[in-house]
Amino acid sequence: LNFRFYQRRATLWAPAGYEVGWAQLAAPTKVKKAKRAGKGEKGSVDITETADTIALRAGAVEAVFERATGLLVGFGAKGKNLLVRGPRLNVWRGPTDNDGIKLMESPAWKALPRWLALGLNAVQYRLESIRLLEAKGAPIVEVIHQASGRGQWNDFKHVHHYTLSPAGALEVNNEVHLGEGVTDAPRIGVDLVLPTALEQLEWFGRGPWENYSDRKASALIGRYRSTVTEQYVPYIMPQEHGHHTDVRWLTLTDARGAGLQVHGAPTIEFSASHFTANDLFQARHTYELTPRPEVYLNLDWGQRGLGTASCGPDTLPQYCLLESIYRFTYQM
């Protein structure tokens with residue numbers, strides 16, 4: 001429920017009709033919890049296993065997993081693949097000036113030197129296992145990855161469970177474990193690479209401008225439309241941009257409106273860009289950036305807050321990622 005307040009008469013500082021304030025209140029609602037399809041319900045999920053892949057199929061929708069990497073390499077309907085690369089653990093962001101100025105040595109108390117010491121800008125992935133499970137009559141693909149940027153493979157452990165419903169929705173349950181000495185990460189989430197055509201962006205969450213856990217009071221929850229290209233913010237020093245919090249759902253579609261929809265459970269954070277985090281990290285000026293044709297979609301449990309450490313205090317503890325285990329779910 002939105003209240004907006006406007007200037008009734010012209011003044012020395014604002015014309016008549018100027019918006020001087022707003023308030024947004026969450027209206028009480030009752031939502032029926034959706035039932036997960038299982039035995040006895042309409043529709044079925046078929047399983048096809050080969051030496052190289054595991055495939056789940058519900059009607060025209062198929063989800064294909066590669067055994068060698070544990071990655072979701074195909075997801076779509078009627079033979080159309082909406083992925084260039086499926087979800088993979090993401091703990092890095094293009095450092096902001098508040099994290100530490102990358103062109104000079106930052107004080108040890110700032111975040112960037114700690115992140116670089118952990119190798120978060122160069123994280124590698126190792127498949128621990130991929131297997132087919134079953135729960136309540138529904139097949140589940142369980143994938144476990146280990147990740148590290150310094151060769152210590154207990155730095156991060158990512159367990160993801162994929163369940164395809166008979167209606168064709170792919171639910172992804174994630175559990176991320178941080179190893180001893182690994183804390184206060186830039187972000188906890190996954191990233192996906194999508195085809196170039198999925199340029200049209202719509203979401204129901206905070207917007208229209210970028211917002212973060214400690215910098216979102218100015219962003220109303222609403223339904224917004226944009227493009228992936230328009231999400232870029234040309235900071236003089238290239239850095240993280242375009243993040244959105246408290247998101248209920250988002251869509252990335254082509255010019256005809258076909259594409260991918262992601263739902264949070266109940267909410268998720270996201271950003272979509274034509275740049276990777278390391279593109280932003282390695283560039284010293286905006287002119288050094290060249291947009292990639294693909295869409296890089298980040299789905300996050302959350303990011304570390306921005307703080308004010310360019311010229312003031314660091315991010316407050318309640319906006320830092322200080323837990324050792326994070327769990328989040330989304331549905332595609």
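This is a short walk through one predicted protein model, from its core out to its surface and then to a few backbone oddities.

Okay, let's begin on the inside. Nonpolar side chains tend to be buried together in soluble globular proteins. Here, the largest nonpolar core has 61 residues, and the two that touch the most other members are Phe75 and Leu299. If you ask which strand gives this core its largest share, that's strand E16, residues 259-273, with five residues.

Let me stay with Phe75 for a second. What does Phe75 contact once you leave aside neighbours within four places in sequence? Quite a list: Val61, Glu62 and Ala63, then Lys80, Asn81, Leu82 and Leu83, then Leu164, Gly168 and Leu170, and finally Leu260 and Met332.

Now flip to the outside. There's a nonpolar patch on the surface, about 780 Å², made by Leu1, Phe3, Phe5, Trp13, Tyr18, Val20 and Leu25. Leu1 sits in the segment before strand E1, which covers 2-6. Leu1 counts as exposed because its relative accessible area is 60%, and the cut-off for exposed is over 50%.

While we're in that part of the chain, have a look at Ala16. You'll find Ala16 in the loop between E1 and strand E2, residues 19-24. Ala16 is partly exposed, at 48% relative accessibility. Apart from neighbours within four places in sequence, Ala16 contacts Gln7, Arg8, Arg9 and Ala10. How far is Ala16 from Gln124 in space? C-alpha to C-alpha, that's 57 Å, with their positions 108 residues apart in sequence.

On to charges. Side chains of opposite charge can pair when their charged atoms come close. Across the whole structure, the search turns up 21 salt bridges. I'll pick out a few.

Take Asp99 and Arg93, whose side chains form a salt bridge at 2.8 Å, N to O. Are those two buried or exposed? Both Asp99 and Arg93 are buried.

Next, Asp246 and Lys216 pair up at 3.2 Å, N to O. Asp246 is in strand E15, residues 244-253, while Lys216 is in the loop between strands E13 (200-207) and E14 (220-227), so this bridge ties together parts 30 residues apart in sequence. Lys216 is partly exposed, with a relative accessible area of 24%.

A third one is Asp279 with Arg292, at 2.7 Å, N to O. Asp279 belongs to helix H2, residues 277-282, and Arg292 to the loop between H2 and strand E17 (295-303), so to speak distant parts of the chain, 13 residues apart. Asp279 is buried at 15% relative accessible area, whereas Arg292 is partly exposed at 34%.

And then there's a network: Arg114, Asp184, Arg304 and Asp314 are linked by salt bridges. Keep Asp184 in mind, as we'll come back to that residue.

What about disulfides, how many does the search find? Zero. Why don't Cys311 and Cys320 bond? The closest cysteine sulfur to Cys311 is the one in Cys320, and at 17 Å that's too far for a bond. Their surroundings don't match either: Cys311 is exposed, at 78% relative accessible area, and Cys320 is buried, at 13%.

Last topic, the backbone. Most residues other than glycine have a negative phi, and most peptide bonds are trans. So, where are the exceptions to look at? The bond from Gly207 to Pro208 is cis, with omega near 0 degrees, and Pro208 lies in the loop between E13 and E14. The bond from Ala265 to Pro266 is also cis, again with omega near 0 degrees. Pro266 is in strand E16, the strand that gives the core its largest share.

For positive phi, look at Lys78, near 55 degrees. Lys78 is in the loop between strand E6 (72-77) and strand E7 (85-90), and is exposed at 75% relative accessible area. Asp184, from that salt-bridge network, has a phi near 55 degrees too. Asp184 is in the loop between strand E11 (170-178) and strand E12 (187-194), but is buried, at 8% relative accessible area.

That's the tour, thanks for listening.

Conventions
Residues numbered from 1 in each chain as written. Predicted model: local features only at pLDDT ≥ 70, side-chain atom pairs only at ≥ 80, totals over all residues. Heavy atoms only, no water. Patch = residues over 30% accessible without salt bridge, like charges linked within 9 Å, V, L, I, M, F, W, Y side chains within 5 Å. Areas by Shrake-Rupley, 256 points an atom, 1.4 Å probe, with all protein chains shown as cover. Salt bridge = Lys/Arg side-chain N within 4 Å of Asp/Glu carboxyl O. Helix = DSSP H or I, 4+ residues; strand = E, 2+ residues; numbered from the N terminus. Buried < 20%, exposed > 50% of the residue type's maximum accessible area, 1.4 Å probe, protein only. Core = buried A, V, L, I, M, F, W, Y, C linked by side-chain atoms within 4.5 Å. Contact = heavy atoms within 4.5 Å. Disulfide = S-S within 2.5 Å.
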